[in-house]
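Biologist: I should like a close look at a single part of this model, namely the aromatic side chains and the nonpolar core around them. Please set out the geometry and the burial in one connected account.

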Amino acid sequence: VFKTMKESNLGISLKPLSGMCHNNMGWMYSGRALITTMSGHTCMGGKTLELHEPGVTCIDIESGTEEENCKLIKEWVDPDKGLKYALNAKRRFHEVVNYEQDAENVKSFLSKIL
């Protein structure tokens, strides 16, 4: 799946309440910005909003007209112009998601209850 994601120019995630789902995280880890709906992320808050920033790491298709969205998507899929958005997504993923720290947090929590 990772290889196929890397062959794409953009990811798409329109699932309601998707937040920090593995699909979104996979796209961004792969260095692919997303076409998404911010309403699916806003209600989740926290790190979800840090990861999904319209105009930087994603295109929020709810905030623009059909014409505006088509124009943005055409720009973002252009390999030369879209590279900065892809790099934004990958960089932001590594700023927001830290699996090593998450593992330490879980170990610490479990040590307190076991």
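Modeller: A residue is called buried when its relative accessible area is under 20%, exposed when that area is over 50%, and partly exposed in between. The model is a predicted one, and every value below is computed from it.

I begin with the rings. The structure holds two aromatic pairs. In one of them, Tyr29 and Phe93 meet edge-to-face, with their centres 5.4 Å apart and an angle of 75° between the planes. This pair joins distant parts of the chain, since Tyr29 belongs to helix H2 (residues 22-29) and Phe93 to helix H6 (residues 79-96), with their positions 64 residues apart. The two partners differ in burial: Phe93 has a relative accessible area of 3% and is therefore buried, whereas Tyr29, at 37%, is partly exposed. The other pair is made by Trp76 and Tyr85, whose rings are stacked at 3.8 Å centre to centre, with 10° between the planes. Both Trp76 and Tyr85 are buried.

Tyr29 has a further partner. The charged end of Lys90 sits over the ring of Tyr29, at 4.3 Å from the ring centre. Tyr29 thus has Phe93 as its edge-to-face partner and the charged end of Lys90 over its ring.

Phe93 leads on to the interior. Apart from neighbours within four places in sequence, its contacts are Met25, Met28, Tyr29, Leu51 and Tyr99. The largest nonpolar core has 18 residues, and those that touch the most other members are Met28, Ala33, Leu51, Trp76 and Phe93. Two or more residues of this core come from each of H2, strand E2 (34-36), strand E3 (58-60) and H6. H6 supplies the largest share, four residues. Phe93 therefore combines a relative accessible area of 3% with a place among the core residues that touch the most other members, and Met28 and Leu51, which are also in that group, are among its contacts.

The cysteines complete the account. The structure holds zero disulfides. Cys70 is in none, and the nearest cysteine sulfur, that of Cys58, lies 17 Å away; a pair would need its sulfur atoms within 2.5 Å to count as a disulfide. Their surroundings also differ: Cys58 counts as buried because its relative accessibility is 0%, while Cys70, with a relative accessible area of 38%, is partly exposed.

Methods
Residues are numbered from 1 along each chain as its sequence is written. This is a predicted model: local features need pLDDT of at least 70, side-chain atom pairs count only at pLDDT 80 or more; totals for chains, interfaces and linings use all residues. Side-chain values use heavy atoms; hydrogens and water are left out. Buried means under 20% relative accessible area, exposed over 50%, partly exposed in between (1.4 Å probe, protein chains only). Rings of Phe, Tyr and Trp (its six-membered ring) pair if their centres lie within 6.5 Å; planes under 30 degrees apart count as stacked, over 60 as edge-to-face and the rest as tilted. A charge sits over a ring if NZ of Lys or CZ of Arg is within 6 Å of the ring centre and within 35 degrees of the ring normal. A nonpolar core is a set of buried Ala, Val, Leu, Ile, Met, Phe, Trp, Tyr and Cys residues joined through side-chain atoms within 4.5 Å. Contact means heavy atoms within 4.5 Å.
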